[in-house]
Amino acid sequence: MSTVDPELPLNKSLPESALILQRVNRSTRRALTKLALTTGRSKALLIEEALNHYCELLSGQIEAIEAGLQDADAGQFYSTQDILTDLEQVRVSRLPMD
């Protein structure tokens, strides 16, 4: 899934990188500084990685929702019993093996 900035014309290519300015609250700034010092990585790199992770996560969630809506539109639903059976299988698979 490719994302396109809705403010940019589709026929223009996006630059490799862009400067984004964003205010953050004090606790977030302190946490970011602590992470940067602890990991030896720059705050800019940590922010970029966090944004990339968030965009991937949200894009995956949106794709799953859209797929679910397509299934629903096609009349494909799971019964309550199907869901309970699947949940029980997950629960059993997570039990510690002694």
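Modeller: Happy to go through this with you. Helices (H or I, at least four residues) and strands (E, at least two) are DSSP runs, numbered from the N terminus. The model is a predicted one, so local features need pLDDT of at least 70 and side-chain atom pairs count only at pLDDT 80 or more, while totals for chains, interfaces and linings use all residues. Residues are numbered from 1 along each chain as its sequence is written, and side-chain values use heavy atoms, with hydrogens and water left out.

Colleague: Thanks! Which pattern does the chain follow along the sequence?

Modeller: The chain has three helices and zero strands. Reading along the sequence, you therefore meet helices alone, and the pattern is α-α-α.

Colleague: How many residues does helix 2 have?

Modeller: Helix 2 covers residues 43-73 and reaches 44 Å from its first C-alpha to its last. The expected span is 1.5 Å times one less than the number of residues, and here that expectation is 45 Å, close to the span in the model. Just after this helix, Gly 75 has a positive phi of about 80 degrees. As for the count, helix 2 has 31 residues.

Colleague: And which residue follows helix 1?

Modeller: Helix 1 runs over residues 26-39 and spans 20 Å, close to the 20 Å expected. The residue that follows has a positive phi, near 75 degrees, and is Gly 40.

Colleague: What share of the chain's residues is buried?

Modeller: Buried means under 20% relative accessible area, exposed over 50%, and partly exposed in between (1.4 Å probe, protein chains only). The chain has 98 residues. Of these, the buried share is 4%.

Colleague: Which residue does Arg 41 meet in a salt bridge?

Modeller: A salt bridge here is a side-chain nitrogen of Lys or Arg within 4 Å of a carboxyl oxygen of Asp or Glu. Arg 41 is partly exposed, at 34% relative accessibility, and its partner is partly exposed too, at 33%. With an N to O distance of 2.5 Å, this pair qualifies because it falls within that cut-off, and the partner is Glu 49.

Colleague: Where do Arg 91 and Glu 88 lie?

Modeller: Their side chains also meet in a salt bridge, at 2.7 Å from N to O. An α-helix has 3.6 residues a turn, so residues three or four places apart point the same way. Arg 91 and Glu 88 are three residues apart, about one turn, and both lie in helix 3.

Colleague: Which residues form the nonpolar patch on the surface?

Modeller: Patches take residues with over 30% relative accessible area and no salt bridge, joining like charges within 9 Å and nonpolar side chains (Val, Leu, Ile, Met, Phe, Trp, Tyr) within 5 Å. Ile 83, in helix 3 (residues 80-93), can belong to a patch because its relative accessible area is 42%. The nonpolar patch is made of Tyr 78, Ile 83, Leu 84 and Leu 87.

Colleague: Last one: which helix gives the most to the positive patch?

Modeller: Lys and Arg count as positive and Asp and Glu as negative, with His and the chain ends not counted. The positive patch is formed by Arg 26, Arg 29, Arg 30 and Lys 43, and Arg 30 is exposed at 57% relative accessibility. With three residues, the one that gives the most is helix 1.

Note on methods: Areas by Shrake-Rupley, 256 points an atom, 1.4 Å probe, with all protein chains shown as cover. Charge placed at Lys NZ, Arg CZ, Asp CG, Glu CD.
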